[in-house]
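Let's take a walk through a protein together, one part at a time. Keep the 3D view open and turn it as you read.

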Amino acid sequence: MTRVSSGNSTVDELFAEYRVTSPYGPRKDPFTGARVFHTGIDLVKAHRAPIRAFVDGTVTHAKMGVSGTGYGGFGIVVAVRDKNGCTHLYAHLHDAAVRVGDKVRRGDVVGHQGSTGRSTGSHLHYEVRRQGYGTHTDPIAYLREYYPVSKPQTVAAELSKQAEEDVMKAIEAWKLELADKAIDSLAVKKDASGKTLLQNADEWKARLRKEPQKVLEDMPWLLFVMVDRATNGGGK
């Protein structure tokens, strides 16, 4: 048994009090053992605990499901049609707390957890159908679409990314300045024979601006030059 972790704070909050006992997708039929496709997600909390609507909408079904209606085998079902025209099933309920035609808001109690219909124990079968029977979709994925990340969160993330980029640019500028100083130092230093250590300083600086990372990787001795310059006062 697991908890829902969708990456969307609103969705995670909706499922916070539930444990997932069977996710959406292929599984073994609990009665026959045959490989079948589970068209919803099974959620568990205490038996007869209140079941709250995950979305706003209008109640289109609130009774025992019967064969031929698309709700057969699901026991007592409350179905809610949302603003997108999709139907949300709350199945195997102990009872229904709403009636057809009722308007419900997210968080309203629509029934209580039970084990009616084709069920092996008390749980909630939650299913989302986009266009009626046979058009089921992953409920968690659908709710992520239904409750997108809010604009303030998005803006905050973009600002954080921009701040990080600004810091990196500042660091790169600092590294470039340091490398320039090292090149200048090498251009005036002479070896034991009197020759300058670096005769093509301008070429190095130009290359440094075209391919800075490679130059910095090729010049590990820059740091040693700066240390030498600091300790010896830049003497030749």
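What follows goes from the whole chain to the core, then to two helices, the pocket and a few single residues.

Before anything else, keep in mind that this is a predicted model. The protein chain has six helices and 13 strands. Of its 236 residues, 36% are buried. Now think about who touches whom: among contacts with a separation of 6 or more, 56% are between residues 24 or more positions apart. In other words, a good part of the contact list joins residues 24 or more positions apart along the chain.

Let's head inside. In soluble globular proteins, nonpolar side chains tend to be buried together. Here, the largest nonpolar core holds 31 residues, and the ones with the most contacts inside it are Phe 15, Phe 54, Tyr 90, Tyr 126 and Leu 143. Which elements give two or more residues to this core? They are helix 1 (9–14), strand 4, strand 6 (57–64), strand 7 (76–81), strand 8 (87–93), strand 12 (124–129) and helix 2 (139–146). Helix 2 is the one that gives the most, with four residues. There is also another core, apart from this one, with six residues, including Tyr 71, Phe 74, Val 77 and Leu 89.

Since helix 2 came up, let's stay with it. Its buried residues are Pro 139, Ile 140, Tyr 142, Leu 143 and Tyr 146. Looking down the axis of helix 2, you'd find these buried residues within an arc of 160 degrees, so they line one face of the helix. And what do they pack against? The buried residues of helix 2 pack against helix 1, strand 4, strand 8, strand 12 and strand 13 (136–137). Zoom in on Leu 143 and you can follow some of this residue by residue: leaving aside neighbours within four places in sequence, Leu 143 is in contact with Val 11, Leu 14, Phe 15, Phe 54, Val 55, His 88 and Tyr 126.

Helix 4 (residues 201–210) also has a buried side, with Ala 201, Trp 204 and Leu 208 as its buried residues. Seen down the axis, those residues of helix 4 fall within an arc of 60 degrees, so they line one face of the helix. Turn to the face of helix 4 that points away from the buried side, and you'll meet the exposed residues Asp 202, Glu 203 and Lys 210. Just before helix 4 comes Asn 200, in the loop between helix 3 (151–188) and helix 4. Asn 200 counts as partly exposed, at 32% relative accessibility.

Next, the pocket. The largest pocket has a volume of about 480 Å³. It is lined by 23 residues, and the closest to its centre are Arg 27, Pro 30, His 38, His 92 and Arg 118. The lining residues divide into six nonpolar, 13 polar and four charged. Strand 1 (19–22), strand 3 (35–38) and strand 4 (41–44) each supply at least two residues of the lining, and strand 3 gives the most, with three residues.

One of those central residues, His 92, deserves a second look. His 92 sits in strand 8 and is buried, with a relative accessible area of 5%. Most residues other than glycine have a negative phi. His 92, however, has a positive phi, near 65 degrees. Arg 48 is also a non-glycine residue with a positive phi, of about 70 degrees, and you'll find Arg 48 in the loop between strand 4 and strand 5 (50–52).

Follow the contacts of His 92 and you reach Gly 114, in the loop between strand 11 (109–112) and strand 12. Is Gly 114 buried or exposed? Gly 114 is buried, with a relative accessible area of 0%. Not counting residues up to four places away in sequence, Gly 114 touches His 47, His 92, Leu 93, His 94, Gly 121, Ser 122 and His 123.

Last stop: Ala 96, which lies in strand 9 (residues 95–96). Ala 96 is partly exposed, with a relative accessible area of 30%. Setting aside neighbours within four places in sequence, Ala 96 is in contact with Ala 62, Ile 76, Val 78, Val 110 and Gly 111.

Methods:
Residues are numbered from 1 along each chain as its sequence is written. This is a predicted model: local features need pLDDT of at least 70, side-chain atom pairs count only at pLDDT 80 or more; totals for chains, interfaces and linings use all residues. Side-chain values use heavy atoms; hydrogens and water are left out. On a 1 Å grid over the protein atoms alone, a cavity is a set of points where a 1.4 Å probe fits but cannot get out, and a pocket is an open set with protein on both sides within 12 Å along at least five of seven lines; lining residues have an atom within 4 Å of a point. Grid points are joined across faces, edges and corners, and a volume is the space filled by probe spheres set on the points. Ala, Val, Leu, Ile, Met, Phe, Trp, Tyr, Cys and Pro count as nonpolar, Asp, Glu, Lys and Arg as charged, and the others, Gly among them, as polar. Buried means under 20% relative accessible area, exposed over 50%, partly exposed in between (1.4 Å probe, protein chains only). The arc is that of the directions from the helix axis to the C-beta atoms. A nonpolar core is a set of buried Ala, Val, Leu, Ile, Met, Phe, Trp, Tyr and Cys residues joined through side-chain atoms within 4.5 Å. Contact means heavy atoms within 4.5 Å.
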